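Me: I am new to this structure and would like to go through it step by step. May I ask some short questions?
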Amino acid sequence: PATPRVGMSIFGRWGAREAGAVDPFDVTPAPLKADKYLIYVNVIEAKDMLTVGDQNVLDAVVEVEVGSMRRTTRVQPQSTFAIFNERYHFRKEFETDDEARNDMVTISLLDATGLGGLRKVTVGSFSANLGWFAAQPHAELHRRWFGLERPGVQGVVAKVRLTVSVLWGDMVQRIHDEGELSDDDLIVTPAVLRKSHVVVVRVHRAVGLPKLDIFGSIDPYVEVSHGRETVRTSQINNCQAPIWEQQLELPYVSPANSSHVTVMLWDGDLVGRDPVGAVTIPFDAIPLQKSDSWFEGEEGHPPPGVTARWYYFYGAPPLLGGKTGKKMNTGKMRGIAFRGRVLLTVWKREQARPVAQSFELPIGSMMDLNPKRTVDVLGRVTLT
């Protein structure tokens, strides 16, 4: 029988979800016709920029080309991370269907360091035809991260966040709420080699958790997330030293927009939840279990040399609330108050078509691996 899966994305998808199942390049380019088009491009920010030569920073410029039309942002000097927030629109009129379908949109990151900014060196670029952008849902990619490539360099050399929308006929540009979530998956062309992994986090126990509830102590659970993928343990009520002994498995497809996995401690309530603390684990620092080892039936167990260790969680002091306190408790700002420690065993393995799931320990071979219980986002346990 199929193994039950558990996992939930921040967009509310329940049950199993394969990593990378939603790929913008899985669409067929829209069959555009000879017509008038408006192409809106919002250049928001850039990060993880691979510098050219021996420099540690660059004078970042983003260039947007739609066919023969070109727009360039202001220079962000001496940057490793740049915020632009510049909007452009391009008016195009095509006399033939082929012209409309073959017109290209190219996003390039340039380094304007040389000759006082007169000489710009291309760091990387992303190109797709106009029909591909038009084929996306609502003919728009909203606040999405794009991976840029450079000939002769393997992988992604920079990431640029954009909104691109294509309008024709009686279409109007969509209006988004200010707090609307965007998809954090990195968009790369098929030329970029993508590798699928599972990040395995064994959650053993926690000690020293703070008392946060008026009646009782704390109702803790652990959540592991990366991008829109999330998986969690069960909730143990009124306990400052809980024992879980559960294994959480999280898909991770590289290259990714985020280079780390976040482990969050939460205090569950009847209505809502409160953050307790967070730690981030760089993906590159997680030990790798190669596929040739776990095909032998050892995939349910950590590779040799990987053992459990304590992770210390810090957050806001008891009297510090508001936005600052929330940022400290969610790991978006460095915490200054000890909030407990959790015993974890962490490794990753190569795996095609990974899914988010959780198991109760002990775990046997993957060949006969059937979880005794699964846990939904509300902490409800389902026996299997």
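Me: Which strands do the buried residues of α4 pack against?
Reply: This is a predicted model. In it, the buried residues of α4 pack against β16 (260-268), β17 (273-282), β19 (309-315) and β20.

Me: Which residues of helix α4 are buried?
Reply: Helix α4 covers residues 322-329, and its buried residues are G325, M328 and N329. Seen down the axis of α4, these buried residues fall within an arc of 95°, so they line one face of the helix.

Me: Why would residues that are not adjacent share a face?
Reply: An α-helix has 3.6 residues a turn, so residues three or four places apart point the same way.

Me: And what is on the face of α4 turned away from the buried side?
Reply: That face carries the exposed residues K323 and K326.

Me: What phi does G331 take, just after α4?
Reply: G331 takes a positive phi there, of about 85°.

Me: Let me step back. How many helices and strands does the chain have?
Reply: The chain has four helices and 23 strands. It comprises 384 residues, and buried residues make up 51% of them.

Me: What share of the contacts links residues 24 or more positions apart?
Reply: Among contacts in the chain with a separation of 6 or more, residues 24 or more positions apart account for 68%.

Me: Now the interior. Which residues touch the most other members of the largest nonpolar core?
Reply: They are I39, V43, L109, F126, W132, F133 and F146, in a core of 39 residues. At least two residues of this core come from each of β2 (36-47), β3 (58-66), β6 (82-93), β7 (104-114), β8 (119-129), α2, β9 and β10 (153-168). The element that gives the most is β10, with six residues.

Me: Is there a general background to such a core, and what is it?
Reply: In soluble globular proteins, nonpolar side chains tend to be buried together.

Me: What does F126 touch, leaving aside its neighbours within four places in sequence?
Reply: F126 is in contact with F25, V105, T106, I107, W132, F133, F146, G147, L148, I187, V188 and T189. W132, F133 and F146 are also listed with F126 among the core residues that touch the most other members.

Me: What other core is there?
Reply: A second, separate core has 28 residues, including V203, V263, F283 and Y311.

Me: Back to α2. Where is A139, and is it buried or exposed?
Reply: A139 is in the loop between α2 and β9. It counts as buried because its relative accessibility is 5%, and buried means under 20%.

Me: What does A139 touch?
Reply: Not counting residues up to four places away in sequence, A139 touches F133, A134, V164, S165, V166, W168 and M171. The C-alpha atoms of A139 and R174 are separated by 9.8 Å, with their positions 35 residues apart along the chain. The phi of A139 is near 55°, a positive value in a residue other than glycine.

Me: What about A135: where does it lie, and which residues does it touch?
Reply: A135 lies in the loop between α2 (130-134) and β9 (140-150). At 25% relative accessibility, it counts as partly exposed. Beyond four places in sequence, A135 touches V27, T28, P29 and A30. A135 and P29 are 106 residues apart along the chain, and their C-alpha atoms are separated by 5.4 Å.

Me: Which residue of strand β15 has a positive phi although it is not a glycine?
Reply: That residue is E245, with a phi of about 50°, and it lies in strand β15. E245 is partly exposed, with a relative accessible area of 32%.

Me: Which peptide bond is cis?
Reply: The bond from S254 to P255 is cis, with omega near 0°. P255 lies in the loop between β15 (243-254) and β16.

Me: Finally, the surface. Which residues make the nonpolar patch?
Reply: Y312, Y314 and F338 make a nonpolar surface patch of about 310 Å². F338 is found in strand β20 (residues 337-350), and at 42% relative accessibility it counts as partly exposed.

Me: And how much area does the chain expose?
Reply: The chain exposes about 19,200 Å², and carbon and sulfur atoms supply 52% of it.

Conventions
Residues numbered from 1 in each chain as written. Predicted model: local features only at pLDDT ≥ 70, side-chain atom pairs only at ≥ 80, totals over all residues. Heavy atoms only, no water. Patch = residues over 30% accessible without salt bridge, like charges linked within 9 Å, V, L, I, M, F, W, Y side chains within 5 Å. Areas by Shrake-Rupley, 256 points an atom, 1.4 Å probe, with all protein chains shown as cover. Salt bridge = Lys/Arg side-chain N within 4 Å of Asp/Glu carboxyl O. Buried < 20%, exposed > 50% of the residue type's maximum accessible area, 1.4 Å probe, protein only. Contact = heavy atoms within 4.5 Å. Core = buried A, V, L, I, M, F, W, Y, C linked by side-chain atoms within 4.5 Å. Arc of directions from axis to C-beta.
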